Amino acid sequence: MQRDPIKYLAEKYQSLKEQGLTWEPRELQSANQPVSIFDGREVLVFCSNNYLNLSTHPQVVQAMIEATQKYGAGAGSDRSIAGDTSLHRQLDERLAAFKGAPASLTFQTGFMTNQGVLAQLGGRGDLYISDELNHGSIIDGIRLTKADRAIYRHKDVDDLQRILEEVATHQPAYQHIWIVTDGVFSMDGDLAPLPAIAELAAEHGAGVYVDDAHGEGVLGAGGRGIVNHFGLTSDQIHAEMGTFSKAFGIVGGHISGSQELIKIAMNTTRTWLLSGALPPGVAAATIAAIDVMEQHPERVERLWKNRDYFLDQMQALGFDTGNSETPIVPIMCGESTTAKALADFVWGEGIYVLPIVYPMVARGKARIRVQLCTEHTQDQLDAAIAAFKKGGEQLGLI
Ligand SMILES: Cc1ncc(COP(=O)(O)O)c(C=O)c1O
């Protein structure tokens, strides 16, 4: 006798709830800006991916309006069929030029890029070696292949080398090996040791795939990303993946690298071939976001100035800020209950931040993840620091 599906789903949900694994986002009732309205309250936002505040930039918004009026709200098809507008092609080209990569192909989301492209880079007889803290979309993409997988300890180049040496004697020999890493790790704000990874990869004839979701707009000259930041090239880092949902302020994803990589991606990636194109207005807005980034590198400088100030002040107060190297600043709290209590406390003071708790991070490693942006003002930074000071003292964190 089959179980009643509705009853089964209700039980499953109840079980998630009991384990504290349900997620209830707050409702955003305004544009996403440093001052936004969530759940009917005006708050200062310190948990947005909108690093450069481009989602509300007039040039970006205007480009979306004009393209929507010309091309309509949707592309009407997959890019692979009848939805490959001039704007989508222009975006591919502009992005490649911005990244300094030979070519780029844009997707509907970053998640779909990782899931779709990684699924096609290897197969039976190949190996993926992945950092243990890589994003879920990387994990899913690799899972879709028939290749073998190995995981190296977070950022641990010695462990990566150990695996590469061990697999060198694998019989039959692996045909292709891909080393896959986040560029910026989204829970800690730390950087992948990309130069050392590139060196090891070259020694062992492996490809390198980096997810630059939190590096673009943030790292490198004018926000060109982690590969630029480390002075590496597309001969050393073979696939650079990124997203338009973070510093670009919109939505979409891309893969950048050699012409060959892009041809493979276009011809084999199911998430690109078999899913509707980004709306043309989105493509136009993303082109405008690139324009703004190229014309105003000072937006990236202001982001870093805000980040440095916040980090310095929080450290001076005695907070443990983990291993942050970017505008993602974790405030380590230990227990999940402490992280939730601190987030609730500062919410009461008008500051919106996110508690990151088990199972998103290991037990005992719960934290608040603060994300800084270009348009945070001095007063807003000081208000957040003051709220954290009060909450940190009450909870015994400082
Ligand atoms: C490291 C990383 N990769 C990929 C993604 C997915 O990007 P998108 O929002 O474009 O789907 C994210 C977003 O959460 C991310 O943090």
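**Exercise 1. Polar contacts of the ligand**

Find which side chains of this predicted model place a polar atom beside an oxygen atom of the ligand, and state how much of the ligand the protein covers.

*Solution.* Begin with Ser245, where an N or O atom in the side chain is 2.9 Å from an oxygen atom of the ligand. Continue with Thr243, whose polar side-chain atom lies 2.5 Å from a ligand oxygen, and then with His135, for which the corresponding distance is 3.3 Å. Each of these pairs can be called a polar contact, because the cut-off for a pair of N or O atoms is 3.5 Å. As for the covering, the ligand on its own has 390 Å² of accessible area, and the protein covers 84% of that area.

**Exercise 2. The shell around the ligand**

Describe the shell around the ligand by its number of residues, by the class of those residues, and by the helix and strand that supply at least two of them each.

*Solution.* The first step is to count, which gives 15 residues surrounding the ligand, with Gly110, Asp211, Thr243, Ser245 and Lys246 being the closest. The next step is to sort the shell by class, and this yields nine polar, three nonpolar and three charged residues. The last step is to look at the secondary structure, where helix H4 (110-121) and strand S8 (239-243) each contribute at least two residues. Of the elements that contribute, H4 gives the most, namely three residues.

**Exercise 3. Two cavities**

Determine how many cavities of 30 Å³ or more the whole structure has, and compare what lines them.

*Solution.* Rolling a probe the size of a water molecule over the atoms reveals where empty space remains. A search of the whole structure finds two cavities of 30 Å³ or more. The largest has a volume of about 50 Å³, and its lining includes Asn32, Pro34, Cys373 and His376. That lining is made up of seven polar and three nonpolar residues, with no charged ones. The second largest cavity has a volume of about 40 Å³, and among the residues that line it are Arg79, His88, Phe107 and Trp272. Here the classes are four nonpolar, three polar and one charged.

**Exercise 4. Salt bridges**

Explain why Asp159 and Arg162 are separated by about one helical turn.

*Solution.* Side chains of opposite charge can pair when their charged atoms come close. The structure holds 23 salt bridges, one of which joins Asp159 to Arg162, with the closest N and O atoms 2.8 Å apart. Both residues belong to helix H6 (residues 157-167), and because they are three residues apart in that helix, about one helical turn separates them. A further salt bridge links the side chains of Arg153 and Asp156, at 3.2 Å from N to O.

Note on methods. Residues numbered from 1 in each chain as written. Predicted model: local features only at pLDDT ≥ 70, side-chain atom pairs only at ≥ 80, totals over all residues. Heavy atoms only, no water. Near = heavy atom within 4 Å. Polar contact = N/O pair within 3.5 Å; in protein donor to acceptor, adjacent residues only side chain to side chain. Areas by Shrake-Rupley, 256 points an atom, 1.4 Å probe, with all protein chains shown as cover. Helix = DSSP H or I, 4+ residues; strand = E, 2+ residues; numbered from the N terminus. Nonpolar A, V, L, I, M, F, W, Y, C, P; charged D, E, K, R; others polar. 1 Å grid on protein atoms, 1.4 Å probe; cavity = no way out; pocket = protein on both sides within 12 Å on 5 of 7 lines; lining within 4 Å. Points joined across faces, edges and corners; volume = space filled by probe spheres on them. Salt bridge = Lys/Arg side-chain N within 4 Å of Asp/Glu carboxyl O.
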